[in-house]
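Here are my notes on this one, point by point. Have the coordinates open while you read.

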Amino acid sequence: MSRPVLLVTGGSRGIGAAICGMAAQRGYDVAVNYQSAAEAAAKVVAACEAEGAKAVALQGDMARQEDIARVFTEAKAALGPLTHVVNNAGITGPGSKLAEADPQTIRTCIDVNVTGAILVAREATRALLANPDAKGRAIVNISSIAAGLGSPDEFVWYAASKGAIDSLTLGMAKELAPAGIRVNAVAPGMTETEIHALSSGEPGRVARIAPTIPIKRAAQPEEIAEVVLFALSEAASYVVGSILRVGGGR
Ligand code: NAP
């Protein structure tokens, strides 16, 4: 039987890297997209290969249509027709109150998290529709509990970008379910990754917010990956158009 083939955008670090590793352990071949962290992506590929999976690292800016189309073409060429996609690449930009935010921070965030994610969703839809005989085809969009919190005083634009992901997920799910493709979103709460230090510019953000989370800690990336792998799998065969919140009670 042929192995499922998964593309993860932003698979080089954080939640995306955890999804790639766990997918390889569970029998997927994995295309690991990254923007600039080539060394980190190569490590993720090596970890996937150590699990017996075929894996490939594919550079591409998921805010750019030319790169998105090329990455999907290269993934198919390296691993065969795609059966699963995780639309994960995302950024926040430096945090601030909305009134003080640089307009370019907002534009860049929306370019990656909304325009880019919708273009990735479009390409994923085309790729999976072109593979009609594959079993269990599924797409997971990575949202955030920020969509429901609004992230006042630090990331209102980011929260709004993830609200768009929730709407995207509902529409895609209804459009694609008749073709046998399941679409869901996973909405992580605060997760220990480099997004806080590198993208938001606040290395101490996890320590500042963790005490306010009912479970009193941030998630590890693997705790998010576990739910993504569930949503991709046949164990979730009747889960369609769901926003699976993984927020530690927040
Ligand atoms: P992260 O540790 O900062 O990793 C981000 C990943 O996305 C990296 O692999 C990065 O690749 C890639 N990336 C960023 N911009 C890209 C672009 N334009 N094109 C291609 N790849 C790009 O972030 P994370 O915390 O794992 O976040 C992953 C997803 O979860 C995001 O959608 C984020 O919004 C969401 N999320 C995170 C949290 C959290 O607390 N961490 C909570 C809720 C939701 P390079 O390193 O190669 O540039």
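1. Let's begin with the aromatics, at Tyr 158. This is a predicted model, and in it Tyr 158 has a relative accessible area of 13%, so it falls under the 20% cut-off and counts as buried. Its ring pairs with that of Phe 155: the centres are 6.2 Å apart and the planes sit at 65°, which makes the pair edge-to-face because that angle is over 60 degrees.

2. Phe 155 has another partner. With Trp 157 it forms an edge-to-face pair, 6.1 Å centre to centre and with 80° between the planes. Phe 155 is buried at 3% relative accessibility, and Trp 157 is buried too, at 3%. The total comes to two aromatic pairs, and ring pairs tie Phe 155, Trp 157 and Tyr 158 into a cluster.

3. Now the packing. Which residues touch the most other members of the largest nonpolar core? They are Ile 19, Val 86 and Val 228, in a core of 34 residues. Two or more residues of this core come from each of β1 (5-8), α1 (14-25), β2 (29-34), α2 (38-50), β5 (138-142), α9 (221-232) and β7 (243-246). The biggest giver is α1, with eight residues. Apart from this core lies another, of 26 residues, and its members include Leu 7, Val 71, Val 85 and Ile 139.

4. Val 228 is worth clicking on. Setting aside residues up to four places away in sequence, Val 228 touches Ile 19, Val 86, Val 140, Ile 142 and Val 186. So two of the names from the previous point, Ile 19 and Val 86, turn up again among the contacts of Val 228.

5. Follow that contact list to Ile 142, in strand β5. Is Ile 142 buried or exposed? Buried: its relative accessible area is 5%, which is under the 20% limit. Beyond its neighbours within four places in sequence, Ile 142 is in contact with Ile 19, Val 86, Asn 87, Asn 88, Lys 162, Ile 165, Val 186, Pro 188 and Val 228. For a long-range pairing, try Ile 142 and Gly 16: they are 126 residues apart along the chain, and their C-alpha atoms are separated by 9.5 Å.

6. Next, the enclosed space. The structure has one cavity of 30 Å³ or more, and the largest cavity holds about 40 Å³ of space. Which residues line it? The lining of the largest cavity is Thr 9, Met 62, Asn 87, Asn 88, Ala 89, Val 112, Gly 116, Ala 117 and Val 120. Helix α4 (residues 103-129) gives the most to this lining, with four residues. Sorted by class, the cavity lining has five nonpolar residues, four polar ones and no charged ones.

7. Val 120, from that cavity lining, belongs to helix α4. Val 120 has 1% relative accessibility and so counts as buried. Apart from its neighbours within four places in sequence, Val 120 is in contact with Thr 9, Met 62, Ile 68, Phe 72 and Asn 87. Of these contacts, Thr 9, Met 62 and Asn 87 are cavity-lining residues as well. Pro 4 is 116 residues from Val 120 along the chain, and the C-alpha atoms of the two are separated by 19 Å.

8. On to the open space. The largest pocket has about 1,000 Å³ of space. Of the 47 residues lining it, Asn 88, Gly 90, Ile 91, Thr 92 and Ile 195 lie nearest its centre. Asn 88 is also on the list for the largest cavity. At least two lining residues of this pocket come from each of α1, β2, α4, α5 (146-149), α6 (156-176), α7 (195-199) and α8 (205-209). Which helix gives the most? That is α7, with four residues. By class, the lining of the largest pocket has 19 nonpolar, 21 polar and seven charged residues.

9. Last, the second largest pocket, with about 410 Å³ of space. It is lined by 18 residues, and Ser 2, Arg 3, Pro 4, Thr 83 and Lys 135 are the closest to its centre. The lining of this second largest pocket has eight nonpolar, seven polar and three charged residues.

Key. Residues numbered from 1 in each chain as written. Predicted model: local features only at pLDDT ≥ 70, side-chain atom pairs only at ≥ 80, totals over all residues. Heavy atoms only, no water. Core = buried A, V, L, I, M, F, W, Y, C linked by side-chain atoms within 4.5 Å. Buried < 20%, exposed > 50% of the residue type's maximum accessible area, 1.4 Å probe, protein only. Contact = heavy atoms within 4.5 Å. 1 Å grid on protein atoms, 1.4 Å probe; cavity = no way out; pocket = protein on both sides within 12 Å on 5 of 7 lines; lining within 4 Å. Points joined across faces, edges and corners; volume = space filled by probe spheres on them. Nonpolar A, V, L, I, M, F, W, Y, C, P; charged D, E, K, R; others polar. Phe/Tyr/Trp six-rings, centres within 6.5 Å; stacked < 30°, edge-to-face > 60°.
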